[in-house]
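Visitor: Please take one part of this model and look at it closely. I would like a connected account, residue by residue where that helps.

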Amino acid sequence: FQEDHLRILRAIRFESQLGFNLDSATESACKEMSSLTSKLSKERIQDELLKMLLGPKPIQVIERLYEFGLLKQL
């Protein structure tokens, strides 16, 4: 996640789109490094959020964004 901060958002998107649960280590890393997303461009964040919210489980996405502390960052 330190190399590509967008991977944090992609993890949430893939989890909701593909129907799997993140393992505990990945989930912990996402939570710990959520502040890194503040360094992303607005356009990259917007693109990823659109993909997430237009996917099959937008409620799950919002819940995970909240759990990971990303709603404050975004």
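Guide: A polar contact here is a pair of N or O atoms within 3.5 Å, where one must be able to donate a hydrogen and the other to accept it. The model is predicted. One such pair involves H5, whose side chain reaches the backbone oxygen of F1 at 3.1 Å. H5 lies in the segment before helix 1. Its relative accessible area is 16%, so H5 is buried, since buried means under 20%. Beyond four places in sequence, H5 touches L36, T37, K39 and L40.

From that segment the account passes to the nonpolar core. The largest one has 14 residues, and L9, I12, L65, F68 and L70 are those with the most contacts inside it. Helix 1 (6-18), helix 3 (42-53) and helix 4 (58-67) are the elements that give two or more residues to this core. Helix 1 supplies the largest share, 5 residues.

I12 can be followed outward from here. Leaving aside neighbours within four places in sequence, I12 is in contact with M52, V61, R64, L65, F68 and L70. Of these partners, M52 is placed in helix 3. M52 counts as buried because its relative accessibility is 1%, against the cut-off of 20%. With residues up to four places away in sequence not counted, M52 touches L9, I12, R13, P58 and V61. M52 and F14 are 38 residues apart in sequence, yet their C-alpha atoms are 8.5 Å apart in space. V61 appears both among the contacts of I12 and among those of M52.

How values were computed:
Residues numbered from 1 in each chain as written. Predicted model: local features only at pLDDT ≥ 70, side-chain atom pairs only at ≥ 80, totals over all residues. Heavy atoms only, no water. Core = buried A, V, L, I, M, F, W, Y, C linked by side-chain atoms within 4.5 Å. Buried < 20%, exposed > 50% of the residue type's maximum accessible area, 1.4 Å probe, protein only. Helix = DSSP H or I, 4+ residues; strand = E, 2+ residues; numbered from the N terminus. Contact = heavy atoms within 4.5 Å.
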